[in-house]
Amino acid sequence: MHPSTVIAAVALAAALPVTAFASQELATSKNCMACHSVDKKLVGPAYKDIAAKYKGDKAAAAQLSQSILKGSSGKWGPIPMPPNQVSEAEANTLAKWVLSL
């Protein structure tokens, strides 16, 4: 393979959005999956329910990212979500992934 082809492939891969698998893997590694599931309510709402609630809301990714970083309460019932030990970039990735479901 020609070196310019390799460079183009690497640049394209870097420009692609994070895959669903990688984001679910991030959610698992950050213990999000202890309280949430993709498709059913556990302690917190299912990620698909969150995506449905915020569908079409342009501010949703920023809102969810802040909820992930700082915690939240009262949006889905009486059980609060504590702040998570994630970076801002990880919170943004997780929020975008949840909204993509």
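User: In this predicted model, where is serine 37 found, and is serine 37 buried or exposed?
Analyst: The model is a predicted one, and in it serine 37 is found in the loop between H2 and H3. Leaving aside neighbours within four places in sequence, serine 37 is in contact with Leu42, Pro45, Ala46 and Tyr47. Buried means under 20% relative accessible area, and because serine 37 has a relative accessibility of 11%, serine 37 counts as buried.

User: Valine 43 is found in the loop between helix H2 and helix H3; which residues make a nonpolar surface patch with Val43?
Analyst: Valine 43 has a relative accessible area of 41%, which means that valine 43 is partly exposed. The nonpolar surface patch to which Val43 belongs has an area of about 250 Å². Besides Val43, the residues that make this patch are Leu42 and Ile79.

User: How many helices and how many strands are there in the chain?
Analyst: From the N terminus on, the elements of the chain run α-α-α-α-α. Read as a count, that order agrees with five helices and zero strands.

User: Where in the chain is confidence lowest?
Analyst: The mean pLDDT of the chain is 86, and 79% of its residues reach 70 or more. Over residues 8-16, however, the pLDDT is below 50, and beyond near neighbours in sequence this stretch has zero contacts in the model. Where pLDDT is low, the predicted coordinates should not be read in detail. Confidence is highest in H3, at a mean of 98, and lowest, at a mean of 46, in helix H1 (residues 3-15).

User: Why do the buried residues of H4 line one face of the helix, and what arc do they fall within?
Analyst: In helix H4, which spans residues 60-70, the buried residues are Ala60, Leu64, Ser65, Ser67 and Ile68. They line one face of the helix because, seen down the axis of H4, they fall within an arc of 160°.

User: What do the buried residues of H4 pack against, and which residues are exposed on the other side of H4?
Analyst: The buried residues of H4 pack against H3 and helix H5, the latter spanning residues 88-100. Just after H4, glycine 71 takes a positive phi of about 85°. On the other side of H4, the exposed residues are Ala62 and Lys70.

User: Which residues does leucine 26 touch, not counting residues up to four places away in sequence?
Analyst: Leucine 26 is found in helix H2, and because its relative accessibility is 17%, leucine 26 counts as buried. Leucine 26 and valine 86 are 60 residues apart in sequence, yet their C-alpha atoms are 9.8 Å apart in space. Not counting residues up to four places away in sequence, leucine 26 touches Glu90, Thr93 and Leu94.

User: Which side chains meet in a salt bridge, and at what N to O distance?
Analyst: Side chains of opposite charge can pair when their charged atoms come close. The count of salt bridges comes to one, and since lysine 30 lies in the loop between H2 and H3 while glutamate 90 lies in helix H5, the pair ties together parts that are 60 residues apart in sequence. Lysine 30 is partly exposed, with a relative accessible area of 26%, and glutamate 90 counts as partly exposed at 23% relative accessibility. The side chains that meet are those of lysine 30 and glutamate 90, with an N to O distance of 3.6 Å.

Note on methods: Residues numbered from 1 in each chain as written. Predicted model: local features only at pLDDT ≥ 70, side-chain atom pairs only at ≥ 80, totals over all residues. Heavy atoms only, no water. Patch = residues over 30% accessible without salt bridge, like charges linked within 9 Å, V, L, I, M, F, W, Y side chains within 5 Å. Areas by Shrake-Rupley, 256 points an atom, 1.4 Å probe, with all protein chains shown as cover. Salt bridge = Lys/Arg side-chain N within 4 Å of Asp/Glu carboxyl O. Buried < 20%, exposed > 50% of the residue type's maximum accessible area, 1.4 Å probe, protein only. Helix = DSSP H or I, 4+ residues; strand = E, 2+ residues; numbered from the N terminus. Arc of directions from axis to C-beta. Contact = heavy atoms within 4.5 Å. pLDDT = per-residue confidence, 0-100.
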